[in-house]
Amino acid sequence: MVDTGEKLGVWIDSVIADFVHHSPLNCLRSGEREKAWADPLVGFSRGEDPLYEGFKDHVGSFHWTPVEIFNRTFPEWSVPSNQLAVISWILPQTEATKADQAQETAYPSERWARSRVMGESFNNELRRHVVATLQQGGFPAVAPAISSLWELRQSERFGHASTWSERHAAYASGLGTFGLSDGLITPRGQAMRCGSVVARIQLPPTPLPYEDHHAYCLYFSQGRCGECIFRCPVGAITQAGHDKETCQKYLRQVIAEYVGSHFGFEGYACGLCQSHVPCESKIPL
Ligand code: SF4
Ligand code: SF4
């Protein structure tokens with residue numbers, strides 16, 4: 001019987017870890033039963049955390065707070081934000097995928113492309129699994145990124161954006177800070193994908209071991225590195241940051257065709273800036 005926030009946190013942690021470790025869906029689907037993702041990390045934040053209001057200023061007013069997406073999903077209740085928690089997770093790339101990707105200079109390795117496409121499909125299954133498990137336990141929940149209400153939007157500051165950013169939820173949940181290339185640098189590095197669920201549940205928030213949203217990036221914290229600049233084949237990363245337009249154009253116009261013709265499936269991925277750099281697998285400080 002789980003009855004305290006701490007026990008609930010341990011329970012949710014094990015729900016996510018068990019699914020990643022044991023589900024046959026965590027698979028690159030390359031003909032061998034090779035895992036898409038390694039050992040996950042999990043963090044929690046509170047629904048009323050002011051960081052979520054702050055994301056409206058940073059990303060755009062369209063970005064949901066936890067209470068907005070929860071109450072839009074369950075309009076029959078009008079739940080206050082302090083009854084909600086955000087459960088966030090990091091799915092790190094495997095050593096085999098990172099080793100392959102480190103060899104590449106213009107296009108993604110096949111393993112990396114599979115993790116982006118088949119691995120993200122598993123991430124969606126994980127979102128559904130966490131929501132279903134919570135609901136069965138009596139905790140109503142929604143995965144914002146796969147909600148029918150989720151939308152792409154244009155951010156004044158960042159260009160392509162959406163109504164829920166998994167990386168921002170992970171940042172608020174103590175799991176990492178942003179790098180020059182825009183990726184989230186976590187204790188498992190930047191070579192990862194993340195996901196989250198908003199639920200009506202009391203969980204102890206994960207302490208944030210940082211105050212600055214760029215704390216873990218060597219460029220911002222120590223004025224050195226910048227290796228992601230040189231990893232990008234199209235110059236989308238400069239000392240001014242990440243040019244999303246240039247990056248997206250390369251992904252959609254070049255990489256999508258490459259993935260189809262070389263690997264035989266649809267989808268696109270690049271991630272060269274997340275591999276073979278000091279923040280690939282750890283906090284580089
Ligand atoms: S490669 Fe260096 S500059 Fe780029 S995000 Fe990582 S730590 Fe920051
Ligand atoms: S993902 Fe975008 S920014 Fe990163 S290396 Fe590829 S094109 Fe450049």
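**Entry 1: Ser 45**

I started with Ser 45, which lies in strand β1, residues 41-46. I am working from a predicted model, and I keep that in mind for each entry below. With a relative accessibility of 1%, Ser 45 falls under the 20% limit and therefore counts as buried. I then looked up the side chain of Ser 45 and found a polar contact with the side chain of Tyr 52, at 2.7 Å. Setting aside neighbours within four places in sequence, I listed Tyr 52, Ala 85, Val 86, Ala 169, Ala 172, Ser 173 and Pro 205 as the residues in contact with Ser 45.

**Entry 2: helix α3**

Next I asked which residues of helix α3, residues 66-73, are buried. I noted Pro 66, Ile 69, Phe 70 and Asn 71. These buried residues of α3 pack against α2 (50-58) and against three strands, namely β2 (84-92), β3 (141-142) and β8 (192-200).

**Entry 3: the loop between α1 and β1**

I looked up two residues here, Ser 23 and Ala 36. Ser 23 has its place in the loop between α1 (5-22) and β1, and at 8% relative accessibility Ser 23 counts as buried. The side chain of Ser 23 reaches the backbone nitrogen of Leu 25 at 3.0 Å. Apart from neighbours within four places in sequence, Ser 23 is in contact with Asp 18 and Phe 122.

Ala 36 lies in the loop between α1 and β1 as well, and I recorded it as buried, with a relative accessible area of 0%. I checked the distance from Ala 36 to Asn 26, which is 10 residues away along the chain, and read a C-alpha separation of 5.5 Å. Not counting residues up to four places away in sequence, Ala 36 touches Asn 26, Cys 27, Leu 28, Pro 92, Gln 93, Thr 94, Ser 115 and Gly 119.

**Entry 4: Thr 4**

Thr 4 is found in the segment before α1. I noted a relative accessible area of 36% for Thr 4, which is therefore classed as partly exposed. From Thr 4 I went to Ala 85, 81 residues apart from it in sequence, and the C-alpha to C-alpha distance came out as 14 Å. Ala 85 was already in my notes as a contact of Ser 45.

**Entry 5: the surroundings of ligand 1**

What surrounds ligand 1? I wrote down Gly 179, Leu 180, Gln 190, Cys 217, Leu 218, Tyr 219, Cys 225, Gly 226, Cys 228, Val 277 and Cys 279. By class, this shell has eight nonpolar residues, three polar ones and no charged ones. I also noted that the space taken by ligand 1 is the largest cavity.

I followed two residues of this shell further, beginning with Tyr 219, which is found in helix α7 and at 22% relative accessibility counts as partly exposed. Tyr 219 and Leu 180 are 39 residues apart along the chain, yet their C-alpha atoms are separated by 6.9 Å. Beyond residues up to four places away in sequence, Tyr 219 touches Leu 180, Arg 224, Cys 225 and Gln 239.

The second residue was Cys 225, in the loop between α7 (218-222) and α8 (227-231). At 34% relative accessibility, Cys 225 counts as partly exposed. I flagged the backbone of Cys 225 for its positive phi of about 85°, although the residue is not a glycine.

**Entry 6: Gln 239 and His 276**

Since Gln 239 appeared among the residues touched by Tyr 219, I looked it up in turn. Gln 239 lies in the loop between β9 (237-238) and β10 (241-242). Is Gln 239 buried or exposed? At 59% relative accessibility, Gln 239 counts as exposed. Leaving aside its neighbours within four places in sequence, I found Gln 239 in contact with Leu 180, Tyr 219 and Ile 229. Asp 18, by contrast, is 221 residues from Gln 239 along the chain, and the two C-alpha atoms are separated by 40 Å.

I added a second positive phi to the notebook, that of His 276, at about 60° and again in a residue that is not a glycine. His 276 has its place in the segment after α9 (244-263).

**Entry 7: the surroundings of ligand 2**

For ligand 2, I listed Cys 232, Pro 233, Val 234, Ala 236, Ile 237, His 242, Cys 247, Tyr 250, Cys 270, Gly 271, Leu 272 and Cys 273 as the surrounding residues. I sorted the shell around ligand 2 by class and noted 10 nonpolar, two polar and no charged residues.

Key:
Residues are numbered from 1 along each chain as its sequence is written. Chains are lettered from A and ligands numbered from 1 in the order in which they are written. This is a predicted model: local features need pLDDT of at least 70, side-chain atom pairs count only at pLDDT 80 or more; totals for chains, interfaces and linings use all residues. Side-chain values use heavy atoms; hydrogens and water are left out. A residue is near a molecule or strand if one of its heavy atoms lies within 4 Å of it. On a 1 Å grid over the protein atoms alone, a cavity is a set of points where a 1.4 Å probe fits but cannot get out, and a pocket is an open set with protein on both sides within 12 Å along at least five of seven lines; lining residues have an atom within 4 Å of a point. A molecule sits in a cavity or pocket if more than half of its atoms lie within 2 Å of its grid points. Ala, Val, Leu, Ile, Met, Phe, Trp, Tyr, Cys and Pro count as nonpolar, Asp, Glu, Lys and Arg as charged, and the others, Gly among them, as polar. Buried means under 20% relative accessible area, exposed over 50%, partly exposed in between (1.4 Å probe, protein chains only). Helices (H or I, at least four residues) and strands (E, at least two) are DSSP runs, numbered from the N terminus. Contact means heavy atoms within 4.5 Å. A polar contact is a pair of N or O atoms within 3.5 Å; within protein, one must be able to donate a hydrogen and the other to accept it, and residues adjacent in sequence count only if both atoms are side-chain atoms.
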